[in-house]
Number of protein chains: 2
Amino acid sequence: MNRGNVSERRHEPPQVGVTSVILALEPAREHGRRRLWLPLVRRVREPFLGQWALPGGPLRADRSLEQSAYETLASTTDLRPRYLEQLYTFGDPARSRGGVPMVSVCYWALVGQADVAQLEPRHNVQWFADDDLPPLAFDHRAIVDYALWRLRHRMDSPRVVRQLVGEPFTLRQLHALTEAIRGERVDVANYRRRMLASGLLEETGGVLREGRQRPAALYRFRPGALDDAGAPWLPAGCEGEQLEHMNTAPERASADDNPLGSLTTALLHD
Amino acid sequence: MNRGNVSERRHEPPQVGVTSVILALEPAREHGRRRLWLPLVRRVREPFLGQWALPGGPLRADRSLEQSAYETLASTTDLRPRYLEQLYTFGDPARSRGGVPMVSVCYWALVGQADVAQLEPRHNVQWFADDDLPPLAFDHRAIVDYALWRLRHRMDSPRVVRQLVGEPFTLRQLHALTEAIRGERVDVANYRRRMLASGLLEETGGVLREGRQRPAALYRFRPGALDDAGAPWLPAGCEGEQLEHMNTAPERASADDNPLGSLTTALLHD
DNA sequence: GCAAAAGTGTTAGACGTACACCCATGG
DNA sequence: CCATGGGTGTACGTCTAACACTTTTGC
């Protein structure tokens, strides 16, 4: 798979880029299963000119990785996600451009329903369902699949679910989201009970009528449910082989034994 | 936490480094709980000269990230881990050295019992138990904690367990490893049953006598158990904003729906 | 009343946990 | 025969899947 045509420029410092996968829940269609959606941008340069690709760009030296991801993502798609998590870093020399090695730090992001609606159609940005993607530039397809895999395995995190479904929500909406991500049918009755028994939700008191049937109760996540969540996916600290004056101990966060406590970049704004 | 003294060199391309956390199971002590161990190297340069730190170095442009991690790790500690997985990439500008931004791709690695024994003592490399670490350079402590957290959450992976315990193994050894990583007592009887019922193990036919009691049966992991394992943590593909001729579809691997099929770098040699 | 979705109940099996118990072995 | 760990049995509570059922609404 890797071709070994490394040129003589190999000793130049590698380029560092940032690439993002943005995920959202497809707006409700009439009597259809809701799917996962992601925006792609059309490439305006070679290589892969005209093909669809993930938003990305070079790492700005005066920005953190998260900031760079957020900015390139916002400037190309006009979306302002509330959730941003590092996915993986790719750095094979076979990916070099003209012999200059390329390192790409990939992120995945979540945007809610409201943000999806606000995105006005552009020629160079378009939404695609996860099961109906066009051919993608580079190997962005693999990155998308990896992001979807991560999403499925983060589904038990209230943080993730909340960003996708938006608050407040009905249990049916939550259920639809679960089915969209898992890609399989889930018993509604059991899902209700599990969610209510989890203690993560609280009723808002409001109701929502979506069709012409009985209205459904609205819920939100309890404040405490979002705090610990049992997983410190996003280290707050930073590191380097040469790093000046950075001996601050990592802040240990609350309940769980999460080593890299504060999730600085998970929830960007609230 | 971030100090804003970004110098005028901000537009230089960022340096890219690779850092690794190597984990192993502490050799059996007489009647003591076995703990997790990791080797640290003493810094021979400023900053943090003389302090303990994780092995690391610059990314070689003609090497993949995994190869770079493996080589710097091998050259500094003389260890040849069989498992190597990307952990996280740190890139805050506050971590810059002399104004040149620093991006560090971190890996975690596993070495088995045999490898630990073969490592002859050096002045600049030493093992430390996970609950008795010295002060570390930079914020390497946070990285170690994060690696340990990852390890605890990868414990259900036969690949991970196998590398730490070494084959063949008795159920008691497996159990001891589990307790070491989880940091809590686990019922031996139930652990036995769960493991045997999982279908991941097969008897070698051999037995091992560790004390003066009844010898224990030896097991190994079934070949198939290591294949799918339900999690494609390590993408095989590569990516870049500028990438030449890289439109190969990702190979989808077997049983599960793992998107980035082949775990190229998880198991380095077998 | 009818359709459709909200919401509740019930049951049977799978699974985890605690703990008692027998077996094999060397001293 | 005894101490120690290897290995088995069992009973109980919890969780979950499956599915029948009642309630609320608009037409």
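By class, which residues make up the surface near DNA strand D? Six are nonpolar, three are polar and 10 are charged. Here, nonpolar covers Ala, Val, Leu, Ile, Met, Phe, Trp, Tyr, Cys and Pro; charged covers Asp, Glu, Lys and Arg; the others, Gly among them, are polar. Near means that a heavy atom of the residue lies within 4 Å.

Some ground rules. This is a predicted model, where local features need pLDDT of at least 70 and side-chain atom pairs count only at pLDDT 80 or more, while totals for chains, interfaces and linings use all residues. Residues are numbered from 1 along each chain as its sequence is written, chains are lettered from A and ligands numbered from 1 in the order written, and side-chain values use heavy atoms, without hydrogens and water.

Back to strand D. 19 residues surround it, and A:N190, A:R212, A:R214, B:R172 and B:R193 are the closest. Of the strand D atoms within 4 Å of the protein, 68% belong to sugar or phosphate, and the rest to bases. α6(A) gives the largest share of this surface, four residues. Helices (H or I, at least four residues) and strands (E, at least two) are DSSP runs, numbered from the N terminus.

Now polar contacts to the DNA: pairs of N or O atoms within 3.5 Å. A side-chain N or O atom of B:R192 is 3.2 Å from a phosphate oxygen of strand D. B:R193 places a polar side-chain atom 2.8 Å from a base oxygen of strand D. B:R193 also has a polar side-chain atom 3.3 Å from a base nitrogen of DNA strand C.

Next, strand C. Again, 19 residues surround it, with A:R172, A:A189, A:R193, B:N190 and B:R212 the closest. Sugar and phosphate make up 64% of the strand C atoms within 4 Å of the protein. Here α6(B) gives the most, with four residues. The backbone takes part too: a polar backbone atom of B:R212 is 2.8 Å from a sugar or linking oxygen of strand C.

Away from the DNA, what about the inside? The largest nonpolar core has 42 residues, and A:W127 and B:W127 touch the most other members. Such a core is a set of buried Ala, Val, Leu, Ile, Met, Phe, Trp, Tyr and Cys residues joined through side-chain atoms within 4.5 Å. Buried means under 20% relative accessible area, with a 1.4 Å probe and protein chains only.

Last, β5 of chain A, residues 83–90. Eight of its eight residues are buried, so the strand is largely enclosed by the rest of the structure.

Technical notes: Buried < 20%, exposed > 50% of the residue type's maximum accessible area, 1.4 Å probe, protein only. Polar contact = N/O pair within 3.5 Å; in protein donor to acceptor, adjacent residues only side chain to side chain.
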